[in-house]
Amino acid sequence: MVQARMTTESRREQFQALLERHRGIVFKVANTYCRHAEDRRDVSQEICAQAWKAFPAWDSERPFSTWMYRIALNVAISHARGNAERMRLVALDDNEDEPAHDDETAREADEGLRALYHCIAQLDPLNRALLLLYLEEKSQREIADILGLSETNVATKIARLKQRIRNDINPTGT
């Protein structure tokens with residue numbers, strides 16, 4: 001009984017250490033899929049709960065971050081699909097408290113960011129996850145592993161997303 005308790009305690013400590021080291025994944029995913037702070041907290045807690053539940057199946061020969069992204073994205077996507085009305089990426093143009101800029105360059109940069117966020121908010125959950133991982137500079141192999149796609153499919157989807165974003169942000173091509 002003592003041996004089983006030690007195993008459970010050491011497993012819990014290992015999980016807590018890994019989760020603490022990779023907690024940024026939880027927050028990035030929750031922030032990407034949730035508009036409201038309460039939803040972000042709920043999704044973050046659910047991600048941690050699901051990760052703990054699945055932890056015995058984690059293969060320590062594989063990167064924890066890849067495994068964690070997969071769980072986090074699955075939880076967030078499921079939540080987004082179940083709560084489509086409430087689960088939209090925050091679009092910057094909804095921000096009424098946005099500071100005024102005197103600098104024309106800063107204003108143009110803000111407009112570009114607003115356009116990018118608006119474009120991202122229009123993506124379906126899978127493409128949003130793909131873009132999040134791409135912006136996190138994950139390799140195509142890592143993205144494929146996390147999302148359960150082939151590397152070729154990832155490359156194709158990324159190329160299409162880039163083109164779609166270019167077209168949405170600058171429809172005239174000028």
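From the N terminus on, the elements of the protein run α-α-α-α-α-α-α-α. This is a predicted model, and its secondary structure amounts to eight helices and zero strands. Of the 174 residues in the protein, 33% are buried. When contacts between residues at least 6 apart in sequence are considered, 66% of them join residues at least 24 apart.

A good place to start looking is helix α7, which spans residues 140–147. Within this helix, I143, A144, I146 and L147 are buried. Viewed down the axis of α7, these buried residues fall within an arc of 165°, so they line one face of the helix. Their cover includes α4 (64–82), α6 (125–135) and α8 (151–169).

Both flanks of α7 offer a backbone detail worth a glance. After the helix comes G148, with a positive phi near 75°. In the loop between α6 and α7 sits E137. The phi of E137 is also positive, near 60°, and this residue is not a glycine. Most residues other than glycine have a negative phi. As for its surroundings, E137 is exposed, with a relative accessible area of 72%; the cut-off for that term is over 50%.

Aromatic side chains are the next topic. A pair of aromatic rings is described by the distance of the centres and the angle of the planes. The model holds eight aromatic pairs. In one of them, F55 and W67, the ring centres are 6.2 Å apart and the planes stand at 65°, so the pair is edge-to-face; the angle is to be read against a limit of over 60 degrees for that class. F55 belongs to the loop between α3 (37–54) and α4, whereas W67 belongs to helix α4, so this pair ties together parts that are twelve residues apart in sequence. F55 and W67 are both buried.

W67 has a further partner in F64, and here the pair is tilted, with 5.2 Å from centre to centre and 40° between the planes. F64 and W67 are three residues apart in helix α4, a separation of about one helical turn. An α-helix has 3.6 residues a turn, so residues three or four places apart point the same way. Like W67, F64 is buried. The picture widens from these two pairs to one aromatic cluster, formed by F15, W52, F55, W58, F64 and W67.

W67 and W58, both members of that cluster, turn up again in the lining of the second largest pocket. This pocket holds about 170 Å³ of space. Its lining consists of A57, W58, D59, R62, P63, T66, W67, R70, D145 and I146. By character, the lining residues divide into five nonpolar, one polar and four charged. Helices α4 and α7 each supply at least two residues of this lining, and α4 gives the most, with three residues. I146, listed above among the buried residues of α7, is one of the residues that line the pocket. Helix α4 therefore recurs in several of these descriptions: it is part of what covers the buried residues of α7, it carries the F64 and W67 pair, whose members are separated by about one helical turn, and it contributes three residues to the lining of the second largest pocket.

Conventions
Residues numbered from 1 in each chain as written. Predicted model: local features only at pLDDT ≥ 70, side-chain atom pairs only at ≥ 80, totals over all residues. Heavy atoms only, no water. Buried < 20%, exposed > 50% of the residue type's maximum accessible area, 1.4 Å probe, protein only. Helix = DSSP H or I, 4+ residues; strand = E, 2+ residues; numbered from the N terminus. Arc of directions from axis to C-beta. Contact = heavy atoms within 4.5 Å. Phe/Tyr/Trp six-rings, centres within 6.5 Å; stacked < 30°, edge-to-face > 60°. 1 Å grid on protein atoms, 1.4 Å probe; cavity = no way out; pocket = protein on both sides within 12 Å on 5 of 7 lines; lining within 4 Å. Points joined across faces, edges and corners; volume = space filled by probe spheres on them. Nonpolar A, V, L, I, M, F, W, Y, C, P; charged D, E, K, R; others polar.
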